[in-house]
Structures are given as structure tokens and as C-alpha cells.
Amino acid sequence: MEKKYDVTALGELLIDFTENGVSSQGNPLLEANPGGAPCNVLAMLAKLGRKTSFIGKVGNDQFGSMLKDAIESVGIDSGNLIMDDQVHTTLAFVHKLPNGDRDFSFYRNPGADMMLSRDEVQKERIAASRIFHFGTLSFTHPGVREASCYAIQCAKEAGVAISFDPNLRPPLWGSLEEAKEAISYGLSQCDVLKISDNEVEFMTGETDYGRGARMLQEQYGIPLVFVTLGPAGSMAFYRDLCVKAEPFLQEHTIETTGAGDTFTGCVLNGILEYGLDGLDEKKLQEIMTFANAGASLITTRRGALKVMAERAEIEALIAGRR
């Protein structure tokens, strides 16, 4: 089948309410940013000139219309975005902690993204893609879990490479054991894994993140693993290679929302360029350096989906280090 899309992703599309100062009365002001990890990844890829497509569901409400417009405005194909007449768009409130990390409160019981069903997934859209990407927020409830498993099956049958980011959000799970099961399933299905340091520890108990990543790679037979280490940069594991890339630390970081998704979009762009078979240390170093630079730029902006960095900005940041 002709590959119409470089990457198709399935999952949550929601509103991230982020803090943006205080009002004249001293009340916190919240900005409604388009969000959701899968579409953040696609937005970065679209910015790099890739053809992207999204499978998911929002409410047929003001926020749902805003999100549909937002993804279309950045070049993501919305042909498999469903508008739900019964359930409202999912909302997330992002609170920045003193150490720069984030705390999430979700209004999602139910939220429209949970309502995607198997029969709403367009199989031919996945087959027409080079990479299929997903996370675990689409495994928190039975209906959308079935839709996600079906989509993964469609990708496997069509020989589409599968990318997975656990994107662990503990408040959305009935128990952490359920979250672990969903992540374990994702690990067993993917060709490319992007995982954060805290997720490596969650799955393996290891605080030596390199060792933990190798354990996961060997246990699940994953060809390529990327580990993000926050301000310490990133690592890649491919066959017998372990490659490290230094971070780009920003003086003017506002928030880290979307940094991991930006990283993922950039590394998938590298895989689209080089393929999964012919990678070496030099190519992995180049891919991760680009991804680290892209992720660092997004931390200087509020939101993510609509403010992804241009290729030229990322390249200029890298050139400035040389």
C-alpha cells in the first residue's frame, strides 16, 4: 500500500490548562493550551515537514472544536478525529512544582478521549503509514483499550513500524499495577521505545537507568530504546551500542510540558530518515542531539502543540555549541 502518512498516532487530545500569572484580584490565570502527548509528537513531526495523521476523540463542544482547529492548523490530518455528542473533551490542569516538575489533575471520568471504540479506528489509515505511535493513556479504560489493541494489530499486519511512549500519569489509573500491565503490553509490541528515567525505575526498580533500559530491551526484544534523563540529556540502546547525548540547558525554562513529546517527534523524524536497520553510533548521536535541542527549546514556551521549534532554530542551537 502507498504510504500516505509518515506517522499516524492514536490517543488523547485534550486541553492543558497551564498557569500564566495572576489576575488583578490575585487569582491564578490559566491558559487553555491544546495538548495530549500523541498530537504533540505529530506537531513536531509536521514542523519538520512530515505527513502526520491522528486517531482519537474529542467532545463536540467548544474545546473539541478548538482542538480540531489546532491540530489542522499545524498540519496534522484530522480525518479520523471523532467528535462525541455525549461526552465532553478531556481537561488537564498542570501545576508547576517548585523543583520545575509538574503535577496533573485530570477531568476525565469520563472524557471524550476514553470513548474511542474499535469500529471508529480507520484500519486503512494505519496501513498507509510508515510508523504508528501510541502511549498508555489510551489503555486506562476498556473501550479505548480495545481500540488501541486493534490499531496495534492493524499496524503489525501491515508491516508498519511501531513506536511507544509509556507517558505514565499515575492519577489516571485505578492502580499502579494496572499501569504496569499496560506499559508491559506496550513494551512487548514496539520497535521503538521512548521512555523517561522515572518510567525505567517504575518498571525495573533500577536507578541505574542505563542498566534498567538494557533489562527492558532484552526482556521485550525491543530493537531501539531511547531514555530521556531530563537535565542530564538522553541515551540510546541499539543492538550492542549504548550512545549518550548531552543536554541543552536553557536559562529561560518556563515549564517542561511537551519536552518528552518534542524529543519523540525528533527521534521519529531521524528514524524516518535513516530507517531502523542501518543505525550506527554517529547517526544515533546526531538524532539525539537534534532531539535534545528541540526538547530544550520547547521548555522556554508555554504549551507545546502550537509552538514547536522550527528546524532552523534547532540547528542554530546545535551550531552555537560547536
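In these legends, Ala, Val, Leu, Ile, Met, Phe, Trp, Tyr, Cys and Pro count as nonpolar, Asp, Glu, Lys and Arg as charged, and everything else, Gly included, as polar. Keep in mind that the model is predicted.

**View A. The second largest pocket and the helices around it.**
Here we're looking into a pocket of about 250 Å³. Its lining takes in 13 residues, and those nearest the centre are E286, I287, T289, F290 and I318. Which helices each put at least two residues into this lining? They are α8 (259-274), α9 (281-298) and α10 (311-321). Helix α9 has the largest share, with five residues. As for chemistry, the lining is a mix: five charged residues, four polar ones and four nonpolar ones.

**View B. Where α8 meets α9.**
Two of the helices from View A turn up again here, this time as packing partners. The axes of α8 and α9 come within 8 Å of each other, crossing at roughly 150 degrees. That angle makes the two helices roughly antiparallel, as anything over 145 degrees gets that label. As α8 passes α9, the crossing is right-handed. On the α8 side, the contact uses A259, T262, F263, C266, V267, G270, I271 and Y274. Facing them from α9 are K283, E286, I287, M288, F290, A291, N292, G294, A295 and I298. Sorted by class, the contact has twelve nonpolar residues, four polar and two charged. Look out for E286, I287 and F290: they belong to this contact, and they're also among the residues nearest the centre of the pocket in View A.

**View C. Helix α1 packs against α8 as well.**
Now for another partner of α8, namely α1 (residues 37-47). The axes of this pair sit 8 Å apart, at an angle of about 50 degrees. Are the two helices parallel or oblique to each other? At this angle α1 and α8 are oblique, and their crossing is right-handed. From α1 come A37, N40, V41, M44 and L45. Their counterparts in α8 are D261, T262, T264, G265, C266, L268, N269 and L272. The contact breaks down into seven nonpolar residues, five polar and one charged. T262 and C266 of α8 take part here, and both also show up in the α8 contact with α9.

**View D. The largest cavity, with about 60 Å³ of space.**
Search the whole structure for cavities of 30 Å³ or more, and you come up with one. Around it are L10, G11, E12, A37, P38, H133, F134, G135, L137, S138, D165 and N167. Two elements, α1 and β8 (129-135), each give two or more residues to this lining. Strand β8 gives the most, with three. The lining divides into five nonpolar residues, five polar and two charged. A37 is worth a second look: it lines this cavity and also touches α8 in View C.

**View E. The α6 and α7 pair.**
Helix α6 (residues 197-204) packs against helix α7 (residues 209-220), with the axes 9 Å apart and an angle of about 60 degrees between them. These two are therefore oblique to each other. What is the hand of the crossing where α6 passes α7? It's left-handed. The α6 residues involved are D197, V200, E201, M203 and T204, and they meet Y209, G212, A213, M215 and L216 of α7. By class, that's six nonpolar residues, two polar and two charged.

**View F. Backbone details at P110 and N167.**
Two loop spots deserve a zoom. In the loop between β7 (102-107) and α3 (123-127) you'll find P110. The peptide bond leading into P110 from N109 is cis, with omega near 5 degrees. The other spot is N167, in the loop between β9 (161-165) and α5 (176-189). N167 isn't a glycine, yet its phi is positive, at about 50 degrees. You've met N167 before, as part of the cavity lining in View D.

Key:
Residues are numbered from 1 along each chain as its sequence is written. This is a predicted model: local features need pLDDT of at least 70, side-chain atom pairs count only at pLDDT 80 or more; totals for chains, interfaces and linings use all residues. Side-chain values use heavy atoms; hydrogens and water are left out. On a 1 Å grid over the protein atoms alone, a cavity is a set of points where a 1.4 Å probe fits but cannot get out, and a pocket is an open set with protein on both sides within 12 Å along at least five of seven lines; lining residues have an atom within 4 Å of a point. Grid points are joined across faces, edges and corners, and a volume is the space filled by probe spheres set on the points. Helices (H or I, at least four residues) and strands (E, at least two) are DSSP runs, numbered from the N terminus. Axes are lines fitted to C-alpha atoms, for helices over the stretch in contact, and angles run from 0 to 180 degrees between N-to-C directions. Angles under 35 degrees count as roughly parallel, over 145 as roughly antiparallel, 65 to 115 as roughly perpendicular and the rest as oblique. A crossing is left-handed if the near helix is turned anticlockwise from the far one by less than a right angle, and right-handed if clockwise. Contact means heavy atoms within 4.5 Å.
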